[in-house]
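The following exercises invite the reader to examine a structure step by step. Each task is followed by a worked solution.

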Amino acid sequence: MNNQITKWTVPYIDLNTQFLNQEQEILSEIKRILEEGAFILRPAVAEFEESIASLTGAKHAIGLNSGTDALILSVLAAGVGPGDEVITVSHTHVATLAAVHHAGAIPVLIDIGEDFNMDPDEIEAAITSRTKAIIPVHLNGRVCDMDVILEIADKHDLIVIEDSAQALGAYYRGKAAGTFGIAGCFSTHPMKNLGCAGDGGFVVTDDDDLAERFRLLRNHGQKSRQEIVLYGYSSRLDNLQAAILNVKLKRLPQWLERRRDIAKQYSAGLADLPIKLPPRDNEAPIATRGAEAMRHDVFSSYVIQTEHQAELVDYLVSKGIETFVHFGPTTLADAPNLQKRLHGMTRTRETVTRILSLPIYPEMTDEQIQLVISAIHQFHHENGLERHRDV
Ligand SMILES: *Cc1c(COP(=O)(O)O)cnc(C)c1O
């Protein structure tokens, strides 16, 4: 018995319920794959890749073993190497920085804006003659300000690789996360909006040559059994994981809508408290999602900002509510052993001491949402922290 499942009144996510909702479909797929012994680069992987290409509008999707490897292979395939600098943010998963480091390059970290994403106004000050690429990270399911980022990249002849690990299904001006740069890197880790039963990921690209390079890099550089054309890696998405993802993918649109709905309920229920709510998109319904819709966020996390981070975490634990501080309360910028260069971390350092990710998952009931909202109200009430919105 996993006590994680029974301990929380409102867990941060609920993978058990998600499994039970598709139990028969998933188990029969697992059984079929095991009976066939079809484990490596078999039809379920190809089917998943086709579905992802059509979902994102990218020409190619290539299944990989993790979001981390999607980043590593993208940085390598882009030709980033020793001595190069790559501009990204501190406020991300460490894998974004690690991918740059493993290519022999230096991550140059810039500050974030109010929406937790890369502040595009900070990019140009960080550009040097060694800058080769920019990696915007679409954090919490919200696409970065790609108009400005692409304009700067174009002006300075820089490659753009997107860390879209948290943004599958998110849009910016009618275009899917991951399709703005040369490659979009995604993760299907169980904590992501579309998660498999272990590690997994993929990369999307419109470039035929790059797609071919990803296929070689993920599979030991093998063009065929007889022909090895470069030193590659072992970075394939397992066929079994792909089969599970194919089953789950059918529910993704409804899951993402539910996430947006939960976010809306949180934002309405918490509006009168002295906490900062996450940014809102223009709330275009999915049917009208198009060029006129500036942003369509998918809330991989719902992040509030509070002056009482640690106290609120403890209070919510006492009410059986699980939360996370993603990524904090210390920054990667201040991690002593990680090689990097910094460019103004004021907002990043302030933000990590305030952020708190509330439970959000498609299986969450309206009752659970209300429990979280009222617990946060209670915390403010008991501590004399209530305040009217316009004070
Ligand atoms: C999860 C995540 C990664 C790493 O993905 P894995 O599949 O766990 O390797 C990279 N970047 C961001 C922003 C992530 O959230």
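**Exercise 1: A salt bridge between buried residues**

Arg-142 and Asp-297 form a salt bridge, with 2.8 Å between the closest N and O atoms. The model is a predicted one. Determine which parts of the chain this pair links, and whether Arg-142 is buried or exposed.

*Solution.* Step 1: locate the partners. Arg-142 is found in the loop between β4 (131–134) and α8 (146–155), and Asp-297 in the loop between β10 (295–296) and β11 (302–305). The two residues are 155 residues apart, and the pair links distant parts of the chain.

Step 2: apply the cut-off for burial, which is under 20% relative accessible area. Arg-142 has 10% relative accessibility and therefore counts as buried. Asp-297 is buried as well, because its relative accessible area is 2%.

**Exercise 2: Further salt bridges**

State how many salt bridges the structure holds, and describe the one between Glu-25 and Lys-250.

*Solution.* Step 1: recall the principle. Side chains of opposite charge can pair when their charged atoms come close.

Step 2: give the total. The structure holds 19 salt bridges. In one of them, the side chains of Glu-25 and Lys-250 meet at 3.0 Å, N to O.

Step 3: place this pair. Because Glu-25 lies in helix α3 and Lys-250 in the loop between α10 (239–249) and α11 (252–269), the pair ties together parts that are 225 residues apart in sequence.

Step 4: assess accessibility. Glu-25 counts as partly exposed at 31% relative accessibility, whereas Lys-250 is exposed, with a relative accessible area of 58%.

**Exercise 3: An aromatic pair**

State how many aromatic pairs the structure holds, and characterise the pair of Tyr-12 and Phe-324.

*Solution.* Step 1: give the count. The structure holds seven aromatic pairs.

Step 2: read the geometry. The rings of Tyr-12 and Phe-324 are 4.9 Å apart, centre to centre, with 70° between the planes. Planes over 60 degrees apart count as edge-to-face, and this pair is accordingly edge-to-face.

Step 3: place the residues. Tyr-12 lies in the loop between α1 (3–7) and α2 (15–21), and Phe-324 in the loop between α12 (309–318) and β12 (341–343), so the pair ties together parts that are 312 residues apart in sequence.

Step 4: compare accessibility. Tyr-12 is buried, with a relative accessible area of 3%, while Phe-324 counts as partly exposed at 31% relative accessibility.

Step 5: note an aromatic cluster, which is formed by Phe-48, Phe-186 and Phe-202.

**Exercise 4: The ligand**

Which residues come nearest to the ligand, and what polar side-chain atoms lie beside its nitrogen and oxygen atoms?

*Solution.* Step 1: list the neighbours. There are 16 residues around the ligand, of which Gly-67, Thr-68, Asp-163, Ser-187 and Lys-192 come nearest.

Step 2: examine the contacts. A nitrogen atom of the ligand lies 2.8 Å from a polar side-chain atom of Asp-163. An N or O atom in the side chain of Gln-166 is 2.9 Å from an oxygen atom of the ligand. For Lys-192, the distance from a side-chain N or O atom to a ligand oxygen atom is 2.6 Å.

Step 3: consider coverage. On its own the ligand has 380 Å² of accessible area, and the protein covers 95% of that area.

Notes:
Residues numbered from 1 in each chain as written. Predicted model: local features only at pLDDT ≥ 70, side-chain atom pairs only at ≥ 80, totals over all residues. Heavy atoms only, no water. Near = heavy atom within 4 Å. Polar contact = N/O pair within 3.5 Å; in protein donor to acceptor, adjacent residues only side chain to side chain. Areas by Shrake-Rupley, 256 points an atom, 1.4 Å probe, with all protein chains shown as cover. Phe/Tyr/Trp six-rings, centres within 6.5 Å; stacked < 30°, edge-to-face > 60°. Helix = DSSP H or I, 4+ residues; strand = E, 2+ residues; numbered from the N terminus. Buried < 20%, exposed > 50% of the residue type's maximum accessible area, 1.4 Å probe, protein only. Salt bridge = Lys/Arg side-chain N within 4 Å of Asp/Glu carboxyl O.
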